[in-house]
Amino acid sequence: MASHRRPKQPSRARVTVLTVTAAAAVALTAQSGAQAAPAKPKIDEVKSKVDALHHEAEEATEQYNQADERRGELQKEIGELQDKVARGQQELNALRDKIGSVASAQYRSGGIDPALQLFLSGDPDTYLDKASAIDQLSAQQADVLTQIQAKQRTLAQQRAEATSKLADLDGVRKSLGEKKQKYQSKLAEAQKLLNTLTAAEKAKLEQEERAKEQRASRAAGERVDLGNEVPASGLGAAALSAAATQIGKPYVSGAEGPNAYDCSGLTQWAYGKAGAKLSRVTYTQQNDGTKIGRSQLRPGDLVFFNSLSHVGLYAGNNTILHAPKPGTNVRYESMDYMGTFQFGVRIGG
């Protein structure tokens with residue numbers, strides 16, 4: 001007869017050990033999951049990173065604009081060279097036709113020495129006159145040949161120069177693509193960071209931007225009321241006045257107005273309205289006038305910041321008028337928020 005025994009129950013100590021082990025495993029799993037999902041960045045961290053990315057995008061934008069300006073210059077130079085080559089080729093063809101006509105005439109005459117032909121012509125009365133004409137013709141032939149050689153050398157040089165500039169143009173076009181991709185990538189990265197914020201956090205950032213703009217506008221209003229800063233020049237005053245009409249227009253990378261601007265696009269447009277021609281980008285606008293220090297600034301002067309990646313118009317009272325960065329509009333702003341001041345530039349005196 002088989003024996004029926006009750007299965008042996010695990011001891012209380014064993015149950016306790018198993019429970020503790022299971023709990024520890026659950027805790028480790030939870031901890032591992034927490035490490036796999038990094039903590040959401042704080043709003044201040046996002047703002048700081050976005051500002052840095054916008055600065056890098058602006059720098060890349062200015063580099064793109066500079067390359068685009070160079071592309072335009074090269075295309076103009078290449079066009080002028082090609083016109084010169086075409087005109088030179090026409091002149092060369094005309095010179096060759098001239099030599100060809102003389103050669104054909106000699107061939108038709110049987111290749112006999114012209115002086116002997118005259119001597120045998122039986123017309124001694126006109127011999128000396130005709131002999132003189134032949135000497136002049138020979139001298140003219142030699143001159144034409146010299147002109148042909150000089151024109152050939154000139155054409156060769158112009159063609160080589162055009163070929164070199166075309167190669168430069170290819171390089172600039174490649175650089176343009178890289179610079180454009182860089183600033184678009186920075187802007188996309190900044191937008192991706194902004195998208196991690198909640199609606200309330202985005203609203204808070206927008207409120208801070210509006211408050212900053214209002215503070216700068218009040219400071220600008222105080223400057224106007226006090227009237228204690230004389231403009232740099234009539235030209236500077238006109239440029240600043242023109243820029244003020246664009247307040248509220250959006251910042252767009254590469255834009256030159258009149259519906260949107262980047263920083264150097266605004267300064268170029270404003271001075272253009274005042275009657276002065278500025279170059280397109282910060283890196284060249286710095287050379288469009290006389291460099292001055294911060295203590296010398298007057299309303300209308302150009303002011304440069306952050307390794308020449310940003311430019312605005314000094315508006316007095318430690319305030320500038322500028323196109324700040326992506327996501328903002330043309331506005332007044334305190335220089336205290338602008339980063340590293342480089343120098344000012346006074347246009348036209």
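This is a short talk on the fold, the pockets and a few local details of one chain.

Hi everyone, thanks for coming. The model I'm showing today is a predicted one, so let me start with confidence. The mean pLDDT over the chain is 76, and 72% of the residues score at least 70. There is a weak stretch, though: residues 12-30 have a pLDDT below 50, and beyond near neighbours in sequence that stretch makes one contact in the model. Where pLDDT is low, the predicted coordinates should not be read in detail. I'll leave that stretch there and move on.

Now the overall layout. We have 349 residues, and 34% of them count as buried. The secondary structure comes to eight helices and six strands. What order do the elements run in, starting from the N terminus? The eight helices are followed by the six strands. As for the contacts, if you take those with a separation of 6 or more, 70% are between residues 24 or more positions apart.

Let's go to the pockets. Rolling a probe the size of a water molecule over the atoms shows where empty space is left. The largest pocket holds about 510 Å³ of space. It is lined by 21 residues, and the closest to its centre are L194, E206, E209, G327 and T328. Which elements give two or more residues to that lining? They are α2 (43-108), α4 (127-194) and α5 (199-226). Of the contributors, α5 gives the most, with six residues. If you sort the lining by class, you get nine charged, seven nonpolar and five polar residues.

The second largest pocket has about 350 Å³. Here there are 16 lining residues, and D51, N306, K325, Y337 and M338 are the closest to the centre. Helix α2 turns up again: together with β5 (331-334), α2 is listed as giving two or more residues to this lining. The largest share, five residues, comes from α2. By class, this lining divides into seven charged, six polar and three nonpolar residues.

On to the backbone, for those of you who like checking torsions. Most residues other than glycine have a negative phi, and most peptide bonds are trans. So where are the exceptions worth a look on screen? One is the peptide bond joining G257 and P258, which is cis, with omega about 0 degrees. P258 sits in the loop between α6 (234-244) and α7 (263-274).

Then there is L308, with a positive phi near 70 degrees. You'll find L308 in the loop between β2 (302-305) and β3 (310-316). Is L308 buried or exposed? L308 counts as buried because its relative accessible area is 13%, which falls under the 20% cut-off.

N317 also has a positive phi, of about 55 degrees, and N317 isn't a glycine either. N317 lies in the loop between β3 and β4. With a relative accessible area of 33%, N317 is partly exposed.

Stay on N317 for a moment, since its backbone oxygen is 3.1 Å from the side chain of T319. T319 is in strand β4 (residues 319-322), and at 1% relative accessibility T319 counts as buried.

T319 in turn is one of the residues touched by M335. M335 is in the loop between β5 and β6 (341-346), and M335 is buried, at 3% relative accessibility. What does M335 touch, not counting residues up to four places away in sequence? The list is R294, L297, F305, Y314, N318, T319, I320 and F341. From M335 to N317, the C-alpha distance is 9.3 Å, with their positions 18 residues apart in sequence.

Last stop, helix α7, where T267 is found. T267 is buried, since its relative accessibility is 1%. A polar atom of the T267 side chain lies 3.0 Å from the backbone oxygen of S264. Leaving aside neighbours within four places in sequence, T267 is in contact with L278, Q285, L302, V311, G312 and L313. Among those partners, V311, G312 and L313 fall within β3 (310-316).

That's the tour. If you open the model yourselves, remember the pLDDT below 50 over residues 12-30. Thanks for listening!

Technical notes
Residues numbered from 1 in each chain as written. Predicted model: local features only at pLDDT ≥ 70, side-chain atom pairs only at ≥ 80, totals over all residues. Heavy atoms only, no water. Helix = DSSP H or I, 4+ residues; strand = E, 2+ residues; numbered from the N terminus. Buried < 20%, exposed > 50% of the residue type's maximum accessible area, 1.4 Å probe, protein only. Polar contact = N/O pair within 3.5 Å; in protein donor to acceptor, adjacent residues only side chain to side chain. pLDDT = per-residue confidence, 0-100. Contact = heavy atoms within 4.5 Å. 1 Å grid on protein atoms, 1.4 Å probe; cavity = no way out; pocket = protein on both sides within 12 Å on 5 of 7 lines; lining within 4 Å. Points joined across faces, edges and corners; volume = space filled by probe spheres on them. Nonpolar A, V, L, I, M, F, W, Y, C, P; charged D, E, K, R; others polar.
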